[in-house]
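Biologist: Could you take one part of this protein, look at it closely, and then work outward from it step by step? I am in my first year, so please go slowly and give the reasoning wherever there is some.

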Amino acid sequence: MLVPMGREDSIVDVYDCRFDVKEAFHLARLHVIERSEAQRIVEDLHEALGRRMAVSSLAPCPVEFTAAFVGMCMTQSCGKCTPCRVGLSQLKTLMDDVLDGVATQGTLKLIDRTALYIYLSADCAIGYEAAGMALEAISGFRDDFEYHVAHGCCDFHQSELTPCVSGCPAGVDIPGYIALVEAGRFTDAVRLIHKDNPLPVACGLICEHPCEINCRRGMVDDPLNIRGIKRYATDHMEDYTPSKAAPTGKRVAIVGGGPAGLSAAYYLALMGHAPTIFEQRSHLGGMMRYGIPSYRLPRGRFDEEIAWILDQGVEVEYDVSVGRDVPIGDLRRDYDAVYVAIGAHADRKVGLPGEDAEGVISAVHMLREIGDGNVPDFTGQSIAVIGGGNVAMDVSRSAVRAGADRVMIVYRRRVTDMTAQDEEIAGAVAEECELLDMHAPIGIEVEDGKVSGLRVQPQIIGPVVGGRPRPRDGARESFVIPCDKVLVAVGQTIDSAPFADYGLPTKRGAISAASDGEVEGFDGLFSGGDCVSGPATVIRAIAAGKVAARNIDKYLGFDHEIVLDVDIPAVRFKGKLSCARSNMAERDAHARKEDFELMERGLTTEEALQEASRCLRCDHFGFGAFRGGRVSKW
């Protein structure tokens, strides 16, 4: 309320105040709120907690982890409503009883009811979200809760060694090769990587590095640049020849020369068997060659790595389509075992009106042509790309290099919901690709049989379904994006028809195989990689090939071991000083978008050695030390 000058006394009269007017105005004065030391410390604790949760794995006891989570949520309660203030405390006490070995089966029922009541009646998200997560944990870890009640201890079997190794599908000894890089032993570092991954050059360039997610260094400052260290080792290694077992006389047919097939062939050759790859196309590499542009994976270096694998005793039959050119039955008759790793190379349709028009191109087809050296000419054209994954980014950036005047990536969800890696999205934007999120393609405009535009419907984000927010049509009218070409990058499918016709079990186009790779009902026939799991990452395909090689060797009646033949440097405790992460730089966006040359620059020697020195050596100082810190053979 504004008061005219000289009328302050009226305020006192009206409200019958019993204090001085000047004192009243003094009490009403505002002050800038400054963060106290206690608040600063709490904020630091929140930040540390976030870092710790970001790199955590499933190593802890599920019951203990759930109890700790409820306890943390309990400290956040404002105390206004009883379900949150009292309920979370009671829920934590009940879980502590389970951990202390004094609970009964009735306690578990009470935990269920308490969590449910909190979820249904708490006023705010602090209470009902905590209870909701507790309910999910109690349901998902029911066996662990019951084991605690029955035996007073945990039955959770710890299978992990170190967080980064656990995060790598192929189980590469990451702390080991990082220590070797720090010691300047780059060839030994690659030899160690080869024990579990025969494609370190390619992975040093394009791996999605899931290992970094769990890196404990993230608790201190930033996770290690593991991929960058691997690339540095492969850039500075010397050639060597791995040791091989004596010839066994056994022949193995491998259908498909992608990462899964190449990996299986490499390890089978080291075990003394004679693998032969049957490749449908004229070059090996699968989607690594035909799905990843050369500005990310240079063909020269990739060919050198493949040639090195073949030199270990792998034969190849090119331009052969198994199931069409060569009957599957012939392979089973002529070879002692068969491994099917055909990948996922077929393009997926979007089902839009007009998608058969001239100018609609599948991303898989375009990248395959580029992989064969046939770069399209998009000079001066406007390109619309449908999709939000890494393939969509690759095809968009390739269109820019093919001369397109404008490239627009159309995605029906938000940018934050894109499945593409953040660095791939940022790279596309830096190369002047436009992002149009929250717009669903609903039709392709056609004139005289050719593409003239892409009709899109604005979206509004909706409820979370299956872990991702589902968009729905917004109230705005649809409109047309004028374009000359539409590139469809909505995923790949598996051309499994010849194998299904032969009788192999399939589900939704994927070949059904056990976790060890065996196909039920077909003695000596194994399968793995994308044709089993669906489109996945390169490192997961490599892991599938490694698993297949081991189990095929067992099937053939042998027990060969791939062993660690490198001495790991002694562990030194290097203190707890913080040091930020060194990232790999890229060529200037304006220059790199003009060609297909490698866009990423590797770490310098100074950066690589500093980055390697940041490793905390969890293989020694972590719980992995109880098992020797590493898997020395498989």
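**A helix pair, and outward from there**

Modeller: Let us start where helix 10 packs against helix 11 (residues 186-194), at an angle of about 170° and with the two axes 8 Å apart. Because that angle is over 145 degrees, helix 10 counts as roughly antiparallel to helix 11. Helix 10 brings Gly176, Tyr177, Leu180 and Val181 to the contact, while helix 11 brings Phe186, Asp188, Ala189, Leu192 and Ile193. Please keep in mind throughout that this is a predicted model.

Helix 10 also leads us to another part of the chain, since glutamate 182 forms a salt bridge with arginine 572, and their closest N and O atoms are 3.7 Å apart. Glutamate 182 belongs to helix 10 (residues 174-182), whereas arginine 572 sits in the loop between helix 23 (538-555) and helix 24 (589-592), so that the pair links distant parts of the chain, 390 residues apart. Arginine 572 counts as exposed because its relative accessibility is 53%, and glutamate 182, at 28%, counts as partly exposed.

The loop that holds arginine 572 begins after helix 23, and helix 23 in turn takes us to a sheet. This helix packs on the sheet by touching strand 1, strand 4 and strand 18, and its direction makes about 165° with that of strand 4. The sheet itself is open and is built from 5 strands in the order 3-2-1-4-18, with parallel pairing. Strand 3 and strand 18 (525-527) stand at the edges with a single partner strand each, so one side of each has no neighbour in the sheet. From one strand to the next, the twist averages 20°.

We can now walk through part of that sheet, beginning at its edge. Strand 3 (residues 315-317) runs parallel to strand 2 and is joined to it by 3 bridges, with threonine 276 standing opposite glutamate 315 of strand 3. Strand 2 (residues 274-278) is mostly covered, as 4 of its 5 residues are buried. On the way to the next strand, we find that strand 2 pairs with strand 1 (residues 251-255) in the parallel sense over 5 bridges, and here valine 255 stands opposite phenylalanine 278 of strand 2. Between these two strands the chain passes through helix 14 (residues 259-270), making a β-α-β crossover that is right-handed. Strand 1 is also joined to strand 4 (residues 337-340), by 4 bridges and again in parallel, and valine 252 stands opposite alanine 337 of strand 4. Helix 14 lies across strand 1, strand 2 and strand 4, and runs at about 165° to strand 2.

Let us return to salt bridges, of which the count comes to 41. In one of them, the side chains of arginine 289 and aspartate 303 meet at 2.4 Å, N to O. Since arginine 289 lies in helix 15 (residues 287-290) and aspartate 303 in helix 16 (residues 299-310), this pair ties together parts that are 14 residues apart in sequence. Arginine 289 is buried, because its relative accessible area is 4%, while aspartate 303, with 34%, is partly exposed. Another salt bridge joins aspartate 559 to lysine 554, whose closest N and O atoms are 3.2 Å apart; aspartate 559 is partly exposed at 46%, and lysine 554 is partly exposed at 44%. Salt bridges also link Arg296, Asp394, Arg397, Arg401, Glu424, Glu431, Glu586 and Arg592 in a network.

A last stop is a loop arginine, arginine 217, which lies between helix 12 (200-206) and helix 13 (226-235). With a relative accessible area of 6%, arginine 217 counts as buried, because the limit for that word is under 20%. Leaving aside residues up to four places away in sequence, arginine 217 touches Asp222, Pro223, Leu224, Leu577, Ser578, Cys579, Arg614 and Leu616.

As a contrast in accessibility, consider arginine 508, which lies in the loop between strand 16 (506-507) and strand 17 (510-511) and counts as exposed because its relative accessibility is 86%. Most residues other than glycine have a negative phi, but the phi of arginine 508 is positive, near 55°.

Conventions. Residues are numbered from 1 along each chain as its sequence is written. This is a predicted model: local features need pLDDT of at least 70, side-chain atom pairs count only at pLDDT 80 or more; totals for chains, interfaces and linings use all residues. Side-chain values use heavy atoms; hydrogens and water are left out. A salt bridge is a side-chain nitrogen of Lys or Arg within 4 Å of a carboxyl oxygen of Asp or Glu. Buried means under 20% relative accessible area, exposed over 50%, partly exposed in between (1.4 Å probe, protein chains only). Two strands pair if DSSP finds at least two bridges between them. A crossover is right-handed if, with the strands pointing away from the viewer, the path from the first strand over the helix to the second runs clockwise. Contact means heavy atoms within 4.5 Å. Axes are lines fitted to C-alpha atoms, for helices over the stretch in contact, and angles run from 0 to 180 degrees between N-to-C directions. Angles under 35 degrees count as roughly parallel, over 145 as roughly antiparallel, 65 to 115 as roughly perpendicular and the rest as oblique.
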